[in-house]
Amino acid sequence: MAHPTPDPIAPGQESVWDYPRPPRVERVARRVRIVLGGEVIVDTDDVVRVLETSHPPVYYLPISAFAEGSLTDAAGSSFCEFKGGARYLDVHGGGQARPRTAWNYPDPSPGFEVLADRVAVYPAPMDACTIDGVEVTPQPGTFYGGWVTPDIAGPFKGAPGSMGW
């Protein structure tokens, strides 16, 4: 399947079509805040993101930055050809629980070691996920965990018809 035509890039934006494959992990000077059940479960500026062609960035936050009890082990695992084996976590906040809505790579592949003590969270099941105070939109679909912000241009993998990109 042919790749789609990248969306035009506005001033201050980056295109997900300029992101590499295999993906790149990088530290960013951003503040991430996640709210569930009306409770702030994480608010940190210790942030790394993974960039991969056609995907909005996935943000990884230190496990230690999450509120006590907000992450618990969940059933299941998966494997990424680049990052290695992932485990899943349930997310808790404000008396609510969201099963299997976070993941971590406890023993990541070479080049992704910085992810070992970090967690990524699917934004859709949370009350709010923000980057520098701007609420994110979930990546289309239910498989990928990217965070769409006004500073990136698509189109984004995960939308109907994008499986072959």
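Two strands count as paired if DSSP finds at least two bridges between them. The exercises below apply this to a predicted model.

**Exercise 1. Establish how β9 and β10 pair, and find the bridge partner of A102 in β10.**

Step 1. β9 and β10 are joined by two bridges, and their sense is antiparallel. Two bridges meet the cut-off of at least two.

Step 2. A102 has V121 of β10 as its bridge partner.

Step 3. Both strands belong to an open sheet of seven strands with antiparallel pairing, in the order β2-β5-β6-β10-β9-β8-β7. The edges of this sheet are β2 and β7 (71-80), each of which pairs on one side only. From one strand to the next, the twist averages 35 degrees.

**Exercise 2. Describe the surroundings of strand β5 (residues 47-51) and state how many of its residues are buried.**

Step 1. Begin with the burial: five of the five residues in β5 are buried, and the strand is mostly covered.

Step 2. Sort the side chains by direction. V47, R49 and L51 point one way, while V48 and V50 point the other way. In a regular strand, side chains alternate between the two faces of the sheet.

Step 3. Take the neighbour β2 (residues 24-28). Five bridges connect β2 with β5 in the antiparallel sense. V28 stands opposite V47.

Step 4. Take the neighbour β6 (residues 58-62). β5 and β6 run antiparallel and share three bridges. R49 has Y59 in β6 as its bridge partner.

Step 5. Look at the turn. The hairpin of β5 and β6 has six residues between the strands, and S54 in this hairpin takes a positive phi near 75 degrees.

**Exercise 3. Work out the strand order of the four-stranded sheet and say which strands stand at its edges.**

Step 1. The sheet is open, its pairing is antiparallel, and its order is β4-β3-β11-β12.

Step 2. β4 and β12 (134-135) each have a single partner strand, so one side of each lacks a neighbour in the sheet. These two are the edge strands.

Step 3. Check one pair within the sheet. β3 and β4 are antiparallel and have five bridges. R33 is matched with D43 of β4 as its bridge partner.

**Exercise 4. Characterise the largest nonpolar core and list the contacts of V32.**

Step 1. The largest nonpolar core holds 21 residues, and V32, I34, F66 and W147 have the most contacts inside it.

Step 2. At least two residues of this core come from each of β3 (32-36), β4 (39-44), β6, β8 (84-93), β10 (118-121) and β11 (128-131). β3 gives the largest share, three residues.

Step 3. With neighbours within four places in sequence set aside, V32 contacts V42, D43, T44, V47, Y59, L61, T130, I131 and W147.

Step 4. A second core, separate from the one above, has 14 residues, among them F82, Y88, Y105 and L115. In soluble globular proteins, nonpolar side chains tend to be buried together.

**Exercise 5. Count the aromatic pairs, then classify the pairs Y60 with Y105 and W103 with Y122.**

Step 1. The count is six aromatic pairs.

Step 2. For Y60 and Y105, the ring centres are 6.5 Å apart and the planes stand at 45 degrees, so the pair is tilted. Y60 belongs to strand β6 and Y105 to the loop between β9 (96-104) and β10, so this pair ties together parts that are 45 residues apart in sequence.

Step 3. Burial means under 20% relative accessible area. Y60 is buried at 1% relative accessibility, and Y105 is buried at 6%.

Step 4. For W103 and Y122, the ring centres are 4.7 Å apart and the planes stand at 50 degrees, so this pair is also tilted. W103 is in strand β9 and Y122 in the loop between β10 and β11, 19 residues apart. W103 is buried with a relative accessible area of 7%, and Y122 is buried with 17%.

Step 5. Put together, ring pairs link Y60, W103, Y105 and Y122 into a cluster.

Step 6. Add a charge over a ring: R100 lies over the face of Y88, 4.1 Å from the ring centre.

**Exercise 6. Place G12 and decide whether G12 is buried or exposed.**

Step 1. G12 is in the segment before β1 (14-15).

Step 2. The relative accessible area of G12 is 70%, so G12 counts as exposed.

Step 3. G12 and G69 are 57 residues apart in sequence, and their C-alpha atoms are 37 Å apart in space.

Terms used
Residues numbered from 1 in each chain as written. Predicted model: local features only at pLDDT ≥ 70, side-chain atom pairs only at ≥ 80, totals over all residues. Heavy atoms only, no water. Buried < 20%, exposed > 50% of the residue type's maximum accessible area, 1.4 Å probe, protein only. Core = buried A, V, L, I, M, F, W, Y, C linked by side-chain atoms within 4.5 Å. Contact = heavy atoms within 4.5 Å. Phe/Tyr/Trp six-rings, centres within 6.5 Å; stacked < 30°, edge-to-face > 60°. Lys NZ or Arg CZ within 6 Å of the ring centre and 35° of its normal. Axes fitted to C-alpha atoms, helices over the stretch in contact; angles between N-to-C directions.
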